[in-house]
Every structure is written in structure tokens, then in C-alpha cells.
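Here's a quick tour for anyone opening this one up for the first time. Have a look at the chain below, and then we'll walk through it topic by topic.

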Amino acid sequence: MALEETVEPTPIAAVTAAAAAAGAQRYPVAPGCRLNVRSGPGTQYSLVRVLAEGASVPITCQKPGQTVTGPYGTSNIWDCIGNGQWVADAYVRTGVDGYVTDRCS
């Protein structure tokens, strides 16, 4: 029997403080969602942390990865929210169905 990963949600204040320091525009995570943050652009990457409900995230760059269906549609775009931290764009309200910033290199 496989062990399930348990990661405590990151407090909103910690996410907000990190983004404020970076000066990046913030985008809200879908209401009622505790969003998984991965080490790369897909669910096959390791779980880094879980964002608490009501979080908003800075998007430093974006890149294509695994296709995911979420509250905001189906997309293969993944958002880099920090060094080695990725979230599926389908769970982030950016207001568009495409890229909102530069592609990650």
C-alpha cells in the first residue's frame, strides 16, 4: 500500500509576503481550492507545498506542460510562482485563455 503525501497548506500571509517582495502582479487561485504547487510543470513532479484557500499567486513566467482541467478550463500552461514552484494555470484566474507573461526559458 502506497503512502499518500501530506503537505500542510501554506498560509496566505507567507505567499503574499513573498510576492510583495518580488513586486509581481498577483492572480487569485480558484475559490474553494487548495492548490498543489509542484516542482515542475506537471502532476508527475513532486509536491512542494499546498496553497491555502483564498491564496493569490505571482506569475513570474509560464511554460507548456501537462494538460490539466480545472475551474478555468483545460490548459497545458503552467505558471511559475517562484524558484522551482509551479501551478496549473487552469486553477488560476488570469482573465485570459493564454499566456499573461513571458515564457520561461
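How many of the 10 residues of β7 are buried? The count is 7, so β7 is largely enclosed by the rest of the structure. Keep in mind that this is a predicted model. The chain has 105 residues, and 41% of them count as buried.

**The overall layout**

- You'll find 1 helix and 8 strands in the chain.
- Going along the sequence, the order is β-α-β-β-β-β-β-β-β.
- If you take the contacts in the chain with a separation of 6 or more, 53% come from residues 24 or more positions apart.
- The chain's accessible surface is about 5,900 Å², and carbon and sulfur atoms make up 51% of that.

**Strands β6, β7 and β8**

- Strand β6 covers residues 61-70, and a hairpin takes it into β7 through 2 residues.
- β6 and β7 run antiparallel, with 7 bridges joining them.
- One of the pairings here matches Gly 70 with Gly 73 in β7.
- On the other side of the story, β7 (residues 73-82) is joined to β8 by 4 bridges, and these two strands are antiparallel as well.
- β7 and β8 form a hairpin with 2 residues between them, and Gly 84 in that turn has a positive phi of about 70 degrees.
- In β8, Gln 85 is the bridge partner of Gly 82, while Trp 86 is the bridge partner of Cys 80.
- Strand β8 (residues 85-88) sends Gln 85 and Val 87 one way and Trp 86 and Ala 88 the other way, yet all four are buried.

**The nonpolar cores**

- The largest nonpolar core has 13 residues, and those with the most contacts inside it are Val 29, Leu 35, Leu 51, Val 57, Ile 81, Val 87 and Val 92.
- Apart from that core lies another one, of 7 residues, which includes Cys 61, Trp 78, Ala 88 and Cys 104.
- Back in the 13-residue core, Val 92 is in contact with Tyr 27, Pro 28, Leu 35, Val 57, Ile 59, Tyr 72, Asp 79 and Val 87, once you set aside neighbours within four places in sequence.

**The cysteines**

- Searching the whole structure turns up 1 disulfide. It joins Cys 61 to Cys 104, with an S to S distance of 1.9 Å.
- In case the term is new, a disulfide is a covalent bond between the sulfur atoms of two cysteines.
- The link between Cys 61 and Cys 104 is right-handed, with 100 degrees about the S-S bond.
- Cys 61 sits in β6 and Cys 104 in the segment after β8, so this pair ties together parts that are 43 residues apart in sequence.
- Cys 61 counts as buried because its relative accessibility is 15%, and Cys 104 counts as buried at 15% too.
- Why does Cys 80 form no bond with Cys 61? The sulfur of Cys 61 is the closest cysteine sulfur to that of Cys 80, but at 4.3 Å it is too far for a bond.
- Cys 80 is buried as well, with 8% relative accessibility.
- Cys 33 is another buried cysteine, at 15% relative accessible area.

**Gln 62, a buried polar residue with many contacts listed**- Gln 62 lies in strand β6 and counts as buried because its relative accessibility is 0%.
- The side chain of Gln 62 reaches the backbone nitrogen of Val 100 at 2.8 Å.
- Leaving out residues up to four places away in sequence, Gln 62 touches Ile 77, Trp 78, Asp 79, Asp 89, Gly 98, Tyr 99, Val 100, Thr 101, Asp 102, Arg 103 and Cys 104.

**Thr 43**

- Where is Thr 43 found? Look in the loop between β3 (36-38) and β4 (47-51).
- Thr 43 counts as partly exposed because its relative accessibility is 42%.
- Not counting residues up to four places away in sequence, Thr 43 touches Arg 38, Gln 66 and Trp 78.
- Thr 43 and Val 87 are 44 residues apart along the chain, and their C-alpha atoms are separated by 9.3 Å.

Technical notes
Residues numbered from 1 in each chain as written. Predicted model: local features only at pLDDT ≥ 70, side-chain atom pairs only at ≥ 80, totals over all residues. Heavy atoms only, no water. Buried < 20%, exposed > 50% of the residue type's maximum accessible area, 1.4 Å probe, protein only. Pairing = 2+ DSSP bridges. Contact = heavy atoms within 4.5 Å. Core = buried A, V, L, I, M, F, W, Y, C linked by side-chain atoms within 4.5 Å. Disulfide = S-S within 2.5 Å. Polar contact = N/O pair within 3.5 Å; in protein donor to acceptor, adjacent residues only side chain to side chain. Areas by Shrake-Rupley, 256 points an atom, 1.4 Å probe, with all protein chains shown as cover.
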